[in-house]
Amino acid sequence: MSAALAVANSKEGSSAVAAESVLPPSHALLGIAPTFSSDGLRQVLQTDVGISEYISRDVPPISGIIKQRFTDFLVFEVNQDHQVIHLKSLDMPESSSKKGKGNNEGSSSTAVVEASMAPPQEPVTSAESNTAEQLSASTEAKDKDDPTPADTLWNDQFTEKLTPYLSEASIDQLKMMFLEGREPPRVTDSGWGGRLTKTTEDGTETPDTAKPSEEVDALQSDDTGKRGKNRSSRGDRGGRGGRGGRGRGRGGRQGGEREDHRKVLSEPISSKTDRTTLHQVVRELFGGKLDSETDMSTPVGDDGSRIIIKWSRHGGGRGGGRGGRGDRSDRGNHPPYIHFTLQKTNRDTQDALGYLSRTLHVNIKDLAVAGTKDKRGVTVQRVSLRRGNKPVEDVWKSANQSNRRSVQEILSQRGDRGVRIADFSYRKAGLELGMLKGNAFVITLRNVQVENVETLDRAMNSIKHKGFINYYGMQRFGTAAVPTHSIGLAILKSDWHKAVSLILQNRPGEHPEVVAARDAWLVDGNLDRALALMPRRVVAERCILESYKKQGGETRNAMGALSTIPRNLRLMYVHAYQSYVWNAIVSERIRIHGPDKAVPGDLVFESEPAAKGGSGENDEMEVDDDAGNEEQVTTEGKGMSYRERKKAAKAAYVAPSIKILTEEDAHQYSIFDVIMPLPGRDVDYPGGTLGERYREFLRLDGLDPDNFIRKQKEYTLNGSYRKILQIPKDLSWSTLRYTDPDVPLAQADEDKLLGFDPPVIADDGKFLALQINLTLGTAAYATMALREVTKTETSSHFQTGLTQASEDQQFRGVVAGLGDVAELDDDDTEMEVSNTLDS
């Protein structure tokens, strides 16, 4: 097909899409009139995606502007140990303090990651706490015949914290193993060392009888390295080494390190919560020196699983390569993954990972996160990298482009393109979606208009005690005139050409370079020019155009072109459609029955799901983000390998038991127990009119409510459940005064570490700001909590309009002489303007 014909088809598709509404047919059931901007362009608002109700309509709104500056929206990931992730150090990491150590204990493996996870405001200073460094120092002192009594290594705190989970005999056994140190004690040779030797024909001396097993163990690596033809001529290289040779191959031991069979086995523990807590206690008490894992060697009985505790062996196993040189460099002697902390500013997660993949020269599939984060703001989270043979030093240098920037510049200037990575550590496994507990937020509302402080406190106390509707926020549906759920519906209907047309379609308010790239293809039919102009951050469009390029300009294989888009991004579209339907039905439920109590026909879990296996309330891993979760991971299996965790999670999955409330039992449940399904297979719909409404939405959109299986398996919708209300944790708030809207009122971690001046608060400022601190679970949107307070539209184009019309804008730049703050402001302002133009 010629380029001209392809363009004609594209134009025809675009015209067809323009002629009909880009919104799903079921939009008519919302009863919402279309909204157009002053220039006649269609705008997608909250009500278009089913967001319409409030919990406390009797509380007056608190007018304010959300995300006026990027630092007005700070997000910090909360890991599985409930620790808030912050940037801790920008310095270049070191793989090990001394080259040639028997293990990698001195590497950034444990020490760096523990430091990066710790909340900065709570340094460990109490005498009760035994840090990894203290334990390490004590153990080393013991190994050097320090006269300090061994009992000082183990105090009453250890016994007290372990007693609820281990028997007295197991605790004694664990204490003995710990006090013996990392290396297992040597067994007496029973006089073998003094036996006479005999001389062989080649003149070498050997004992006249075989050595005991311990001594053979110590020499095993040398013997293994000289298989077959006794390759002693290789000298220090030690031959190929085989599996477990001198080069420390798969499962091999390094140097003279002896195999350690010591372990402590708990009694069966039936409670998953207790098993998870025991894992955490072991990790906290011993600072990573000891590992704990579920015993997979015996079948799980009715009494529960056993937990194994043993000395950790960092840096061995598969990370060490296949034999090879006996004295390998640090490059190959570490675990196969590097974890680091990412701070990104005004970039979505996929875009930031794409930038890192290019900078680090790795495949983007080698990078993984526990959850995606909001674009418009400053967010902090952990990232894992399948490192190949890259040590942490090389990753740090590449990420900071040390080939063109000096170390002084790196440590005094912000990261390039709004991306900074820090706090590196080696790990045995990568991250997976779902491996987090939630997110902590610091949110600043600007130009707040409120009658009095009492009204403000009333509004905040409302969400503190009554919560907010757990809607999927506008980020889920994109910020453009073509919402993601419309593309998702086209994909679910296998209308591949319409999906491609919607993705490539022009949309108002985009950055000029994106507009030029779209026009190069849609208007001029110039594929090469379109690709040259299209920014890398516009991922889906580039993938489709690159697919067309590979097909010589052929556009008939729309499904194939869609398949080149990263899987997470493709699934985002279909998950967005699920979210749209969920929002609409929840709004209807609140309108009909109110937000105060459970009623007959509501759905609840008969018992809370014990593990996240794909049907729990936290199936969606985003918090102010756009990607759903495909895989769930329990915290119990942290000591298990990746394959073991996957196998255990698959075997342990049990579909949740759902109950439809009746007149007799509705009073036994609260509104916070009520759940609503995301449409898909294997879910129950609510009783009465709401269940029928679900089916009406789906049928009107051309979908079969009873068949969500697709030929393309990745588009088969697996339904899940989500609680309709959410209550924030750790909620607090304060008011601030300011005059210049360009002066930050909160500070990002990177700026703190760079030594930039902290925010300047003007007590006599002309305008009022409200700063909110809160923590939300993995399935909640902070903007939806703010919406309950402001009673205002949260779409980005609406908030941009509020910013431009705000009274405080006439005071921009009036604060002078702020040093680093003023310099910081210039950069940030430039990024802000760019964002208002970007889609």
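1. A quick definition to start: contact here means heavy atoms within 4.5 Å. Axes are lines fitted to C-alpha atoms, for helices over the stretch in contact, with angles from 0 to 180 degrees between N-to-C directions. Helices (H or I, at least four residues) and strands (E, at least two) are DSSP runs numbered from the N terminus. With that in hand, helix 7 (residues 272-286) lies across strand 6 and strand 7, at about 170° to strand 6.

2. Before going on, note that this is a predicted model, where local features need pLDDT of at least 70 and side-chain atom pairs count only at pLDDT 80 or more, while totals for chains, interfaces and linings use all residues. Residues are numbered from 1 along each chain as its sequence is written, and side-chain values use heavy atoms, leaving out hydrogens and water.

3. The overall picture: the protein has 24 helices and 20 strands. Of its 839 residues, 52% are buried (under 20% relative accessible area; exposed is over 50%, partly exposed in between, with a 1.4 Å probe and protein chains only).

4. Back to the strands under helix 7's heading. Strands 5, 7 and 6 form an open sheet in the order 5-7-6, with antiparallel pairing (two strands pair if DSSP finds at least two bridges between them). Strand 5 (264-265) and strand 6 are the edge strands, each pairing on one side only. Strand 6 meets strand 7 (residues 307-311) over five bridges; Leu-290 partners Trp-311, and Thr-294 partners Ile-307.

5. Which side chains of strand 6 (residues 290-294) are buried? Leu-290, Ser-292 and Thr-294 are, pointing to one face, while Asp-291 and Glu-293 point to the other and are not.

6. Now the charges. The structure holds 31 salt bridges (a side-chain nitrogen of Lys or Arg within 4 Å of a carboxyl oxygen of Asp or Glu). Arg-446 forms one with Asp-72, the closest N and O atoms being 3.1 Å apart. Arg-446 lies in strand 12 (residues 438-449) and Asp-72 in the loop between strand 1 (63-65) and strand 2 (73-78), so the pair ties together parts 374 residues apart in sequence. Both residues, Arg-446 and Asp-72, are buried.

7. Another pair is Lys-373 with Glu-77, at 2.9 Å between the closest N and O atoms. Lys-373 sits in the loop between strand 9 (367-369) and strand 10 (378-386), and Glu-77 in strand 2, 296 residues apart. Lys-373 is buried at 3% relative accessible area, and Glu-77 at 2%.
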